[in-house]
Amino acid sequence: MTLRVLIVDDEPLARQRLQRILSSEEGLTLLAPCKDGRAAVAAILEQRPDLLFLDVQMPDLNGFEVLATVGPRQMPAVIFVTAHDRFALQAFEAEALDYLLKPFGAERVHKSLERARSFLAGGARRTLERQYAGLVRATSAAQEAPCILVKKRERVVVLRPEEIDFIEAWGDYVRLRVGTEIHVLRETLSGMERRLAASGFVRIHRSRLVNWQRVREFVADREHDPVVVLRSGEQLEASPAYLKDLQRRLQPGA
């Protein structure tokens, strides 16, 4: 059975790596990869792939929104690809076919591919549609309570927003402070700001977000460098412009 495979990922290196791994597998026809969700929707409807390697975190439409847009009846079999999943475990408890957690190796891809082959060979189309319908429901509900997944070797740590004290940019990564622990995640600070704004995270510096529930006070007078003081006593450097905007938004009637 030859499978028509479509790769969807907004990271060029990730697309290239997955395409390189899959090119060594027999019985596959690799379609031109897509770099965003909207292109994926068009390719799925026009080219009708059998199997989709679909990134979860993408601009415009994320992986689950691609599924919802195309609809369960027209979606091919999907293997989700993720470095961090805002929808956390609810999505995968809804019986997704499989998912790859970045960074992954060729052996893990092969295992996912074999699972997909076995599933598709069984002709279980109605089962697949039921799974996708459940996945859409689960991820829709999960958007109200986002979690952060952080891979640490063989473990995946689930962090809830209320556990995080603050987040700092760190090159191509961000560092999440949870008490005395530091977790590193491949993400941009702007991306984290969008994901966690509804959970009370505010920007106090171009390279720093803070959980407002953790803030005890902030000092922004002319005689001191601006700082935000957490309930733990830790002091974080802040930017006058961001603090001024924050004060304005906190004023009654603002």
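Helices and strands are runs assigned by DSSP, with at least four residues for a helix and at least two for a strand. In this predicted model, the chain contains 8 helices and 15 strands. The points below cover the chain as a whole, its nonpolar cores and one patch on its surface.

**The chain as a whole**
- Of the 254 residues in the chain, 47% are buried.
- Contacts between residues at least 6 apart in sequence include many that span further, as 57% of them join residues at least 24 apart.
- The chain exposes about 13700 Å², and carbon and sulfur atoms supply 47% of that area.

**Nonpolar cores**
- In soluble globular proteins, nonpolar side chains tend to be buried together.
- The largest nonpolar core comprises 20 residues, and Leu6, Val8, Leu52, Leu54 and Val66 have the most contacts inside it.
- Two or more residues of this core come from each of β1 (3-8), α2 (37-47), β3 (51-55), α3 (63-70) and β4 (77-82).
- A second, separate core has 19 residues, including Leu3, Ile7, Leu22 and Leu51.
- Beyond its neighbours within four places in sequence, Leu6 is in contact with several residues, among them Leu31, Ala40, Ile44, Leu52 and Phe53.

**A nonpolar patch on the surface**
- Trp170, Tyr173, Ile182 and Val184 make a nonpolar surface patch of about 350 Å².
- Trp170 belongs to strand β8, which covers residues 166-170.
- The relative accessible area of Trp170 is 42%, so this residue counts as partly exposed.

Key: Residues numbered from 1 in each chain as written. Predicted model: local features only at pLDDT ≥ 70, side-chain atom pairs only at ≥ 80, totals over all residues. Heavy atoms only, no water. Buried < 20%, exposed > 50% of the residue type's maximum accessible area, 1.4 Å probe, protein only. Contact = heavy atoms within 4.5 Å. Areas by Shrake-Rupley, 256 points an atom, 1.4 Å probe, with all protein chains shown as cover. Core = buried A, V, L, I, M, F, W, Y, C linked by side-chain atoms within 4.5 Å. Patch = residues over 30% accessible without salt bridge, like charges linked within 9 Å, V, L, I, M, F, W, Y side chains within 5 Å. Salt bridge = Lys/Arg side-chain N within 4 Å of Asp/Glu carboxyl O.
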